[in-house]
Amino acid sequence: MRAGTNSSAASCRRWLEFAGIPVLVVRGFSSQSYADVVRDRVNREYCGARLAVVGDSDCSGEDIERDWVERTDCWSSVTWVLLTYEQTREYGLPTTERKRDDSRGPAFARHVTE
């Protein structure tokens, strides 16, 4: 599981430790060497590993997930489990304005309104 913040990582660890499910914390874009370590461990210890993503549903969060999955290339499936764009809309949750200097913003806005 990839969790984006200290508090969400701690919560995920508490919820999942009883089942022996590892929680991996990735903050932002990771180095290739870290991605390689994770990929090698997953391939060695977790046949058919599934990645559950707990992250921000915004242009940066989406791109961080895409980059991580692409560079590790070891997951049998990838699922966003918390706060997808659809969940935000369905439950009328508050959103923040996108960062004006984030070049991924316009493409993300087009993507989520399609």
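D73 is exposed, with a relative accessible area of 62%. This residue of the predicted model sits in the loop between α3 and β4. The phi angle of D73 is near 50 degrees, a positive value in a residue other than glycine. In general, most residues other than glycine have a negative phi.

**Overall architecture**

The protein contains five helices and four strands. Along the sequence these elements follow the pattern β-α-β-α-β-α-β-α-α. Of the 114 residues in the protein, 35% are buried. The exposed surface comes to about 7700 Å², and carbon and sulfur atoms supply 52% of that area. When contacts between residues at least 6 apart in sequence are considered, 66% join residues at least 24 apart.

**The nonpolar core**

Which residues form the largest nonpolar core? There are eleven: L24, V26, A35, V38, V42, A49, L51, V53, W68, C74 and W75. Helix α2 (32–45) and strand β3 (50–54) each supply at least two residues of this core. The largest share, three residues, comes from α2. As a general matter, nonpolar side chains in soluble globular proteins tend to be buried together.

Two members of the core illustrate its reach along the chain. L24 belongs to strand β2 (residues 24–25) and is buried, with a relative accessible area of 16%. The C-alpha atoms of L24 and A52 are 10.0 Å apart in space, although the two residues are 28 apart in sequence. A49, another core residue, is in contact with V42, C74, W75, S76 and S77 once its neighbours within four places in sequence are set aside.

**Strands β3 and β4**

Strand β3 is mostly covered, since four of its five residues are buried. β3 pairs with strand β4 (residues 77–82) in the parallel sense, over five bridges. Within this pairing, A52 stands opposite T79 in β4.

V81 also lies in strand β4. Its relative accessibility is 35%, and V81 therefore counts as partly exposed. Leaving aside neighbours within four places in sequence, V81 is in contact with A52, V53, V54 and Q87. The C-alpha atoms of V81 and L51 are separated by 9.8 Å, with their positions 30 residues apart along the chain.

**Helix α3 and its polar contacts**

Two residues of helix α3 (residues 59–72) deserve a closer description: E65 and T72. Is E65 buried or exposed? E65 is buried, because its relative accessible area is 14% and the cut-off for burial is under 20%. The side chain of E65 is joined to that of W80 by a polar contact of 3.5 Å. Beyond residues up to four places away in sequence, E65 touches V53, V78 and W80.

T72 is buried as well, with a relative accessible area of 0%. A polar atom of the T72 side chain lies 2.7 Å from the backbone oxygen of W68. The T72 side chain also makes a polar contact with the side chain of W75, at 2.8 Å. Not counting residues up to four places away in sequence, T72 touches A35, V38 and R39. The polar contacts of these two helix residues are collected below.

| Atoms of the helix residue | Partner | Distance |
|---|---|---|
| E65 side chain | W80 side chain | 3.5 Å |
| T72 side chain | W68 backbone oxygen | 2.7 Å |
| T72 side chain | W75 side chain | 2.8 Å |

**Cysteines**

How many disulfides does the model contain? The count comes to zero. A disulfide is, in general, a covalent bond between the sulfur atoms of two cysteines. C47 is exposed, with a relative accessible area of 83%. C74, by contrast, counts as buried because its relative accessibility is 11% and burial requires a value under 20%. C74 is also one of the residues of the largest nonpolar core, and it is among the residues in contact with A49.

Notes
Residues are numbered from 1 along each chain as its sequence is written. This is a predicted model: local features need pLDDT of at least 70, side-chain atom pairs count only at pLDDT 80 or more; totals for chains, interfaces and linings use all residues. Side-chain values use heavy atoms; hydrogens and water are left out. A nonpolar core is a set of buried Ala, Val, Leu, Ile, Met, Phe, Trp, Tyr and Cys residues joined through side-chain atoms within 4.5 Å. Buried means under 20% relative accessible area, exposed over 50%, partly exposed in between (1.4 Å probe, protein chains only). Contact means heavy atoms within 4.5 Å. A disulfide is a pair of cysteine sulfur atoms within 2.5 Å. Accessible areas come from the Shrake-Rupley method with a 1.4 Å probe; for residues, only the protein chains shown count as cover. A polar contact is a pair of N or O atoms within 3.5 Å; within protein, one must be able to donate a hydrogen and the other to accept it, and residues adjacent in sequence count only if both atoms are side-chain atoms. Two strands pair if DSSP finds at least two bridges between them.
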